[in-house]
Amino acid sequence: MALAGPPDGSDLADALRKRPLRRPGENLIVVALVLCAAVSIATTFAIIYVLFSDAIGFFREISFWHFFNPGNEWQTLFDPRSFGVWELVLGTVNVTLWSMVIALPLGLAAAVYLSEYAHVQTRRFLKPLLELLAGVPTVVYAYFALTFISDDVLLPLLGGNVSFFNSLSASIMLGVMILPIIASVSEDAMASVPRDLREAAYGLGATRLEVAFRVVFPAAISGIMAAILLAIARVIGETMIVAVAAGSTPNLSLSPLESIQTMTGYMLQVALGDAARGTTDYTSLFAVGALLFLMTFVLNVAAQIIVRRFREAYE
Amino acid sequence: MSAAETTTQAAVTLQAEGSVARRQTWSRASRWILLVATLLGLVVLVILGIDNAIVGIPSLDWDFLSNYPSRFAERAGIRSSILGSVWVLVFTVILAIPVAVGAAVWMEEFAPQNAILTTVRLNIANLAGVPSIIYGILGLAVFVRLMELGPSILAGALTLALMILPMTVITSVEAISQVPPSIREGSLALGATRWQTVWNHVLPGAMPGILTGTILAVARAAGETAALIMIGAFTFIAFDPSLSFGGLFDSFTTLPIQVYNWTIRPQPEFRANAAAGIIVLMVAVIGLNALALVVRDRLRRN
Amino acid sequence: MSIRVRATTPTDDQAREALRGKPAAEHKPSQNVAKPEGELAFSISDLSLWYSGKQALTRVGLDIPRKKVTALIGPSGCGKSTLIRCLNRMNDLIPGVTIEGNVTYRNADIYGSDVDPVEVRRRIGMVFQKPNPFPKSIYDNVAFGARVNGFRGNLDDLVESSLKRAALWDEVKDDLKKSGLALSGGQQQRLCIARALANNPDVILMDEPCSALDPIATLKIEDLMRELATDYTIVVVTHNMQQAARVSDYTAFMLTDEEITGQLIEYAPTETMFTQPADQRTEDYISGRFG
């Protein structure tokens, strides 16, 4: 056998052959990376398992029909106890409605301004500043909603027409919190509307306002819808603001001036008390949590589908 | 067509007249209307910030920072909640970041382009939208009860780690995907293995993005309240967390929880304490956000 | 001479200062520029343009006759698209643009301080390189200009007559609610022409209107241009010399060479230009020796 020179013939073939165990360290690393990615899948399964296994325990005692019957109250503190989740859902709908009334016009106006009016430098400066609104800890908004909006503004302004804990103070702060979500996601959608369309409209003698609202806005409408869905999902899941400022009285009302309780507000209330494991109070936490999870899941998936369609339309 | 009629005119005027003038007036006005609407949210925040500073600054002194919580507003401080926050956040980062970066590396560099990868991606996008209180329930059921960790620092850190995981995976994936493919090809062409390429070239290139994402995730975890209350961290803590392995199993409180605690007290004296706590919290959160911007700009330039 | 300077940032100014000393500023405008007979639509003199300090047009001057087809030809990067976009102030929309010189439209200064660009664009319509119908119905596309202009009259009639003028009516009359994007490329481009016609303009600017179309669709658009020239002034940018020869009455040849960006080399009646070019570079270009 020759000792010198590069390998040839069968030696070369041998040298190039795939050897799965040549680098065991590297294979171990890849396995570790797969495990990292698996953590996220495991988290999802764990969430579903935890929520639904205890929710099933809840539904063994309280019937499905009782839970979803709009005629039943949510009355867990004293007898006769009643678990009609509709009151909590309507509380959530209440704050969602009013926070969107506040955030939608402002958020869309901000998106149009940033995408169609602002100079590049202005946008570069303004957008992160606006996004900071979403980064403020929600307990801070909760404090402002209760002490400033409700105590210092709404009560002196509206007097006896508004209760100390009210949906409006929570909704105003929720609106400020989701403003950047609506603005930012809608702005991205508007920015990806092709330049051609703007030029066509300007070429026909449209003003900036007309280009923005009659061409760009309709062309970006699906992206804007996705922004709204994401914002709603965020409001529905927000806990601290509503728990602190909106009250803790389940209430079948869409009025912004009354005290209400949302699904998250109830969940936090249970956590602060000491419901013994296995009691209906404890398992109701999981039933409400499961419903909340399903609602946000549907909204998020819908938003993702819309965004994907929108991208396909323009890319 | 009437285009022919206009030809008889010798000259035209191009000043805005009639309906065009009206439309242009609206268009010009809309710029200011929209700008005001854009700034309104920020103006609200500034007003709240000023109000908060007026209420909170008088209470903000060394005693406030170094005292434990108390039944008496003027003696209450945030020592245990600051230490608790720092301790929980340190472990949150230690637990979450390696897993997040690992998952991102697998997704971008090693994963086969098939349904599994698509599932993982969709799953992470959905996890990012799960409300924090649900992570709190997960933490309560799995870490506090099932693993019997109790409402401890470790249980809190594990819960927050799961909560920030999707967000950090998404920013890491983005950072890794922005490393130009030519760098990978250059390294692979020199006979480096895929892992050597990732370790020596891709990760250093993605570092600014990963670091920025990490800092923003820490900012989010630092302000989290609901998930930690769910696992039972709403307690009265008048001791420092111990700097030992056993300390991981101590119960704890955090700054946002302390602020919440003071906010819901009926006695008005505590309002000043909450405001002062908010100043500290906001300085930390804005500081982290600013740090993220600086890190991104600094490292991107290098 | 009226001069209009719109410097957006100091760096633009500095960059222009720097460019001033260079040969571009000393460039003598071409002598081979014909004076068209009859009424003029545009009179352009000494027009220079910079995009963020980068020169794109250098001292261009020519007169464009009314109700004729004028073609702008030249190799890519010669500034022909930039020039046509000066005629309805589309360049205003690009941040960092600086324009010097004078453009008048029927004796009115297009860049005058009291001039409203919306008024300009309403009278001077534009058709773009890539067909760009709005993602709306055919009807809504044609009606767009009338609607924003607060048109009071029969919208259905306007849509019909505009589509007829653009030779598209017969193909779409049963499908007016269909999306404009569902049409073929050539139909989309005629829809864009119909959309411009519905505004009742005086001039139609066409920026390489056929570059994205197949030969048959191209022929249709060319026929349409000839037909429209009885009522409208048409300015068309094209990289296709045969097209310029087929459709235009006057032709302007532009060029960017090593020293000067976006200069006008020669302007003449199309027949003269293609049979007896005055400039050697024009001859080289139309005989296919470069570009």
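Which side chains meet in a salt bridge at 3.9 Å, N to O? I looked this up first and found C:Asp116 paired with B:Arg28. I took a salt bridge to be a side-chain nitrogen of Lys or Arg within 4 Å of a carboxyl oxygen of Asp or Glu.

**Basis of the entries**

I worked on a predicted model, in which local features need pLDDT of at least 70 and side-chain atom pairs count only at pLDDT 80 or more, while totals for chains, interfaces and linings use all residues. Residues are numbered from 1 along each chain as its sequence is written, chains are lettered from A and ligands numbered from 1 in the order in which they are written, and side-chain values use heavy atoms, with hydrogens and water left out.

**Chain B with chain C**

I found 1 salt bridge by the rule across this interface. I then noted 5 residue pairs in polar contact between chain B and chain C, both residues at pLDDT 80 or more. A polar contact is a pair of N or O atoms within 3.5 Å; within protein, one must be able to donate a hydrogen and the other to accept it, and residues adjacent in sequence count only if both atoms are side-chain atoms. On the side of chain B that touches chain C, I recorded α1 (3-6) and α2 (18-56) of chain B as the elements that give two or more residues. Of that side, α2(B) gives the most, with 5 residues. Helices are DSSP runs (H or I, at least four residues), as strands are (E, at least two), numbered from the N terminus.

I counted 20 residues from chain B and 26 residues from chain C in the contact, contact being heavy atoms within 4.5 Å. The buried area is about 1900 Å², with 50% from carbon and sulfur atoms. Buried area is the accessible area (1.4 Å probe) that two parts lose on being put together, summed over both.

**Chain B with chain A**

I next entered 73 residues of chain B in contact with 71 residues of chain A. These chains bury about 6400 Å² between them, and carbon and sulfur atoms hold 76% of it. The rule finds 2 salt bridges here; one of them joins the side chains of A:Asp152 and B:Arg271 (3.1 Å, N to O). I also listed 14 residue pairs in polar contact, both residues at pLDDT 80 or more. On the side of chain B that touches chain A, α2(B) supplies the largest share, 21 residues.

**A:Leu254**

Lastly, I located A:Leu254 in the loop between α11 (240-245) and α12 (263-272) of chain A.
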